[in-house]
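Thank you all for coming. I would like to walk you through one structure this morning, going slowly from charged pairs to the nonpolar interior.

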Amino acid sequence: MKSASKVLTALGCAAALVAGVAAQQRMQINGAGATFPYPIYSKWFAEYNKLHPNVQINYQSIGSGGGIRQVINQTVFFGATDGPMTDNQLLAAGSKILHFPTVVGADVPVYNIPNVKAELKFTGQLLADIFLGKITKWNDAAIMKLNAGVNLPATDITVVHRSDGSGTTYIWVDYLAKVSPEWGRKVGVATSVKWPTGVGGKGNEGVAGLVSQMPGSIGYVELVYALQNKISYGPVQNMAGEFVKATEQSVTAAAASAAGKMPADFRVSITNPEGKGAYPISSFTWLLLYENPRDKAQAKIMLDFMKWALTDGQKFAGQLGFAPLPAEVVNLEMAALAKIKVS
């Protein structure tokens, strides 16, 4: 009996050891934040899992505001945002958080006007006046002047905006504040603002859904959501006076304007950039990581993931409506990743 007991004990220890090793081999990492980069993050995490089947990276698309809150509270290992954290938010974290640009994307003005197939042109001032509630009809003279020859109806304009704290909103209002002093005074720039008019939708998905369902509406979404939902969107006039539609090339041109003057913490706005061919409502989107994370095992994996995402992962950007990072920015980030303490 004693020998049988010893055998069972030995088998139990061996099973526990095997289970322990298996548990060590499997790693689950949780993150949350912006809906703007969700399509490419989902792709990246799936592709990385193919390379490393023992690593599962989960991401909740809850908006930049939620991602910042959760990473500050450390209920997730990493956050994601399209609007850089403020100085006060960084202080609230209690430990240093680093920003890493991952790809470049664009906000586009999406609209639903029945029986209008033409691609509408917009200026920054026109968009600001629509979202301020100053222009309320689709056949307003300001819209007609820009879009001569288009038979626009006398229907009401319904503005659709985000209802949650959003980096997509930050990009949009950051741009509007640069082109409209009135917007800067009355509404300002933040991930969540007091909207002068309109109805709210949660996430890029929510705004895209409302615009699709509401004739006469206009909203703003990240480019891929317009493409996936087949919603009309138009070109926007840039600083060079060109009407430019959001494409991989025009968004890359916007990012190139910041590549040579990137701040050390990567918190930079590239909306309304100078230069021909640049789409004016473009932005980096950032992944947020603690410089000295509590879980060193997860930190090592995320460090490896980030190196992969900034190199091999960039090839997926174009097919999902984003633009890859300029090489100069990738080089700067590779050096900054070395700051993360993994031991």
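In which helix do glutamate 47 and lysine 43 lie, and how many residues apart are they? Both belong to helix H2, which covers residues 38-51, and they are four residues apart, about one turn of the helix. Please keep in mind that what you see is a predicted model. The side chains of this pair meet in a salt bridge, with 3.1 Å from N to O. Glutamate 47 is buried, at a relative accessible area of 15%, whereas lysine 43, at 28%, counts as partly exposed.

That pair belongs to a larger set, since a search of the whole structure finds twelve salt bridges. Another one of them joins the side chains of arginine 267 and aspartate 87, at 2.9 Å from N to O. Here arginine 267 sits in the loop between helix H11 (248-259) and strand S11 (282-290), while aspartate 87 is in helix H4 (residues 87-92), so this pair ties together parts that are 180 residues apart in sequence. Arginine 267 counts as partly exposed, with a relative accessibility of 24%.

Let me take one more salt bridge, the one in which the side chains of lysine 134 and glutamate 182 meet at 2.8 Å, N to O. Lysine 134 lies in the loop between helix H5 (124-131) and helix H6 (141-146), and glutamate 182 lies in helix H8 (residues 181-186), so the two tie together parts that are 48 residues apart in sequence. Lysine 134 is partly exposed, at 48% relative accessibility, but glutamate 182 is buried, at 16%. Through salt bridges that share partners, Asp129, Lys134, Glu182 and Lys186 are joined into one network.

Now to the interior. In soluble globular proteins, nonpolar side chains tend to be buried together. In this model the largest nonpolar core has 100 residues, of which Phe131, Ile218, Phe284 and Phe305 touch the most other members. If we set aside residues up to four places away in sequence, isoleucine 218 touches a list of residues that includes Val110, Phe122, Phe131, Trp138 and Val160. Apart from this core lies another, of ten residues, among them Met85, Ala93, Leu288 and Tyr290.

Where does alanine 93 lie, and which residues does it touch? Alanine 93 is placed in the loop between H4 and strand S4 (97-112), and it is buried, with a relative accessible area of 10%. Leaving aside neighbours within four places in sequence, alanine 93 is in contact with Ile72 and Tyr290. Its C-alpha atom is also 7.3 Å from that of asparagine 73, although 20 residues separate alanine 93 and asparagine 73 in sequence.

My last residue is histidine 99, which is found in strand S4. Is histidine 99 buried or exposed? At a relative accessibility of 4%, histidine 99 counts as buried, because buried means under 20% relative accessible area. Not counting residues up to four places away in sequence, histidine 99 touches Pro84, Met85 and Leu90, as well as others including Arg267, Trp286 and Leu288. A polar atom of the histidine 99 side chain lies 3.0 Å from the backbone nitrogen of methionine 85. Two of these names have come up before, for Arg267 takes part in the salt bridge with aspartate 87, and Met85 is among the residues of the core of ten.

Technical notes:
Residues are numbered from 1 along each chain as its sequence is written. This is a predicted model: local features need pLDDT of at least 70, side-chain atom pairs count only at pLDDT 80 or more; totals for chains, interfaces and linings use all residues. Side-chain values use heavy atoms; hydrogens and water are left out. A salt bridge is a side-chain nitrogen of Lys or Arg within 4 Å of a carboxyl oxygen of Asp or Glu. Buried means under 20% relative accessible area, exposed over 50%, partly exposed in between (1.4 Å probe, protein chains only). A nonpolar core is a set of buried Ala, Val, Leu, Ile, Met, Phe, Trp, Tyr and Cys residues joined through side-chain atoms within 4.5 Å. Contact means heavy atoms within 4.5 Å. A polar contact is a pair of N or O atoms within 3.5 Å; within protein, one must be able to donate a hydrogen and the other to accept it, and residues adjacent in sequence count only if both atoms are side-chain atoms.
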